[in-house]
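Let's take a walk through this protein together. Keep the 3D view open and turn it as you read.

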Amino acid sequence: MSSQAMAVETRKNLDPNDVILEVTDLKKHFPISAGIVFQRQVGAVRAVDGVSFQVIRGETLGLVGESGCGKSTTGRTILQLYRPTEGSVRFEGQELSTMSGNDLRQMRRRMQIIFQDPFASLNPRMTVGSIVSEPLQIHRIYSNKQERQQYVEALMEKVGLNPYFINRYPHEFSGGQRQRIGIARALALEPSFIVADEPISALDVSIQAQVVNLMEELQDELGLTYLFIAHDLSMVRHICDRVAVMYLGKIVELGPVDEVYDNPQHPYTQALLSAVPVPDPQVEENRQRIIIAGDLPSPASPPTGCNFNTRCPVRFDLCFEEPDPPLIEVRPDHYVSCHRVT
Amino acid sequence: MSVLLDVKDLIVRFYTQEGTVYAVNGVSFELEEGETLGIVGESGSGKSVSSLALMGLIPSPPGKVESGTVTFEGRDLLTLKPDQMRLIRGKEIAMIFQDPMTSLNPVLTIGTQITESLKLHEGMNTSQSRKRAADLLDMVGIPDAYRRLDDYPHQFSGGMRQRVMIAMGLSCNPKLLIADEPTTALDVTIQAQIIELVKQLKDEFNMAMIWITHDLGVVAGIADRIQVMYGGRIMESGSSHEVFGDSRHPYTEGLLGSLPRLDSSGEEKLTQIEGSPPDMRNEPAGCPFAPRCDVREHLNLERCWDERPPLETVPNAGGDETHVMSCWADIREGVA
């Protein structure tokens, strides 16, 4: 545990405005090919299409949007699980997009991911002990087997699993417990940055709060930085410090979470927030919803002009002529990309 | 208003190789004409199984409706023969399922699937039923409806498929529509579209509706009454204002406390319900929530383990007799 303690120690000495991750104009296009013998590229799914943001050490940045908006692809491209088509990802001062092989593997000790589906992301044929200790073996930490087991047991305890279950298999656990195993695995290498890709959306309501509270406790204890990818906007408000709203591969609004939720500037953010139901009949009776018509356009053929112009309730001529404008700071730290807001 | 549906002491079990699953353990409720009932519960709470049971859709074997009555307009649905039940299903009671991709047949056109019940129940011929099907699709907001009758389900997006499901459900003007997590697979903006649509159609058709969900937020906006289920039993039931505003059961209280709210900044920690949902293969002798209940722990109540609390009007209900709950303790008073 010594290096973990050290990590917390060094964090105290750092400038609180320290940028741990800087993403600049990140793009990830998946090719669409045609032809049986001679494969040729006929188009591209623009899953992530020019995304820039910074993550400050120790904060939780939320990445929200509907399915297909590119939020998960952004998370995976940052970790280089997908290689970016264009753009730069700087993590703790080092450029990841050009890094490969062993250098990249070493960086993976500092950045980890928690997956959405705790049923699919754990190997059913491995015990909890071997799942959690696999990263340690790959990186050759704790060559002594007994020490390693002790460390794994300590990790299990930290995430609220009984170490007695170290030799059990994933199917013997409930969904919430499996997600705890996923968290223990992510923590094994003592990373500083974790991408949490919809970590609670597969869990029952009463279990979601357990996992979120655990993530918050671990953040306080270990000084973790989270990129929290989610579509549950209420939970994002609870857990995140800042939030980025994505639509069709681009960030349309970015800012401190209370500021964005109380003063949404982009028409998409406004519609998205108004669509979220509140568990209070009195509030629901008096709420005005902005219903946006239609579906998300295909990221393989985004509309010309602003991406949101097919569904936007306040669109005007410029929205069809000019592509969406760059993010503009409308209030302190609050950025919006919209032709209406200039 | 008169009672449309009266469910009494419904017990459903599944006899599987891993043992008996006690899915629904004595559920009783009434539904009035034109009323919307929201059934809330987590996975395994028995909310879907109880509604499948009243439609006569429990796969048997392994499932079996052990006892209970389901009285719909004076007839006990559980005693009807399969061909009598078929005349009610789809015509009098219709159902919308969670996943529109798996509940539509991928090799039949949308038109074929909607006209099937029109031909069966309304005795329409092909051209009449196609015209009516196109009207229905138009009503649920599918553009260019007549031409789209010949499209297959994969040619529709998720939200559009759910609209098709709603059109199918409404095709014979049912008196009761059961919606089983109809928006769970959809994005929030599409969910808002579907909820608005259902609200508007419900008033138009004057249907009663049962809306099954795990999302307390969704039912807060549409249900007249809320019924909270856990471990195959009803924990609390009442008007939505009572259940949300004056919740009396430790489980309801815990659920509401564990939900972050969109309309308030989340500074304080979420209150969590400890433990995991129950294993339904063990029939609890007492209250199914007892192992996770902090009120039981705090008051050190022994009877929660051995005796099932009856579903009774909450103490000091303020004149509202319909607000009932099943708990030995009174969390407002802090005493048993």
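## Where the two chains meet

What you're looking at is a predicted model. Start at the border between chain A and chain B, where the rule picks out 3 salt bridges across the interface. One to look up is the pair E217(A) and K269(B): their closest N and O atoms sit 2.8 Å apart. Across this border there are also 14 residue pairs in polar contact, counting pairs with both residues at pLDDT 80 or more.

Which parts of chain A do the touching? The elements giving two or more residues to the side that touches chain B are helix 7 (205–222), helix 8 (233–239), helix 9 (257–262), helix 10 (267–275) and helix 11 (281–285) of chain A. Helix 7 of chain A gives the most, with 9 residues. Sorted by class, this side of chain A is made up of 19 nonpolar, 9 polar and 13 charged residues.

Now zoom out a little. On chain A, 41 residues are in contact with 45 residues of chain B. The area buried between chain A and chain B comes to about 3,600 Å², and carbon and sulfur atoms give 59% of that.

Next, find another link that crosses between the chains. E196(B) and R289(A) form a salt bridge, with their closest N and O atoms 3.9 Å apart. E196(B) belongs to helix 8 (residues 188–205) of chain B, while R289(A) is in the loop between helix 11 and helix 12 of chain A. Are these two residues buried or exposed? Neither word quite fits: E196(B) counts as partly exposed at 29% relative accessibility, and R289(A) counts as partly exposed too, at 21%. They also have company, since a network of salt bridges links E284(A), R287(A), R289(A), E196(B) and K199(B).

## Salt bridges inside chain A

Over all chains, the structure holds 36 salt bridges. Take K27(A) and E86(A), whose side chains meet in one with an N to O distance of 3.8 Å. K27(A) is in strand 1 (residues 19–34) of chain A and E86(A) is in strand 4 (residues 86–91) of chain A, so this pair links distant parts of the chain, 59 residues apart. E86(A) is partly exposed, with a relative accessible area of 43%.

Compare that with E66(A) and R311(A), a salt bridge whose closest N and O atoms are 3.5 Å apart. Here the partners are 245 residues apart: E66(A) is in the loop between strand 3 (60–64) and helix 2 (71–78) of chain A, and R311(A) is in the loop between helix 11 and helix 12 of chain A. Both ends are tucked away: E66(A) is buried at a relative accessible area of 3%, and R311(A) is buried at 5%.

## A run of rings

Time for some aromatics. The rule counts 11 aromatic pairs over all chains. In one of them, the rings of Y247(A) and Y268(A) have centres 4.5 Å apart, and their planes make an angle of 55 degrees, so the pair counts as tilted. Y247(A) is in strand 9 (residues 242–247) of chain A and Y268(A) is in helix 10 of chain A, so the pair ties together parts that are 21 residues apart in sequence. Y247(A) is buried, with a relative accessible area of 1%, and Y268(A) is buried as well, with 0%.

Y268(A) has another ring partner, F308(A). Their centres are 5.3 Å apart with planes at 70 degrees, so this pair is edge-to-face. F308(A) is in the loop between helix 11 and helix 12 (317–321) of chain A, 40 residues from Y268(A). F308(A) is buried too, at 2%. Elsewhere, ring pairs link Y164(A), F165(A) and F173(A) into a cluster.

## One glutamine to finish

Last stop: go back to helix 7 of chain A and pick out Q208(A). Q208(A) is buried, with a relative accessible area of 12%. What does its side chain find there? A polar atom of that side chain lies 3.2 Å from the backbone oxygen of I200(A), and the backbone oxygen of L203(A) lies 3.3 Å from a polar atom of the side chain. Setting aside neighbours within four places in sequence, Q208(A) is in contact with I200(A), S201(A), L203(A), D232(A) and M235(A).

How values were computed
Residues numbered from 1 in each chain as written. Chains lettered and ligands numbered in written order. Heavy atoms only, no water. Contact = heavy atoms within 4.5 Å. Buried area = accessible area lost by both parts, 1.4 Å probe. Salt bridge = Lys/Arg side-chain N within 4 Å of Asp/Glu carboxyl O. Polar contact = N/O pair within 3.5 Å; in protein donor to acceptor, adjacent residues only side chain to side chain. Helix = DSSP H or I, 4+ residues; strand = E, 2+ residues; numbered from the N terminus. Nonpolar A, V, L, I, M, F, W, Y, C, P; charged D, E, K, R; others polar. Phe/Tyr/Trp six-rings, centres within 6.5 Å; stacked < 30°, edge-to-face > 60°. Buried < 20%, exposed > 50% of the residue type's maximum accessible area, 1.4 Å probe, protein only.
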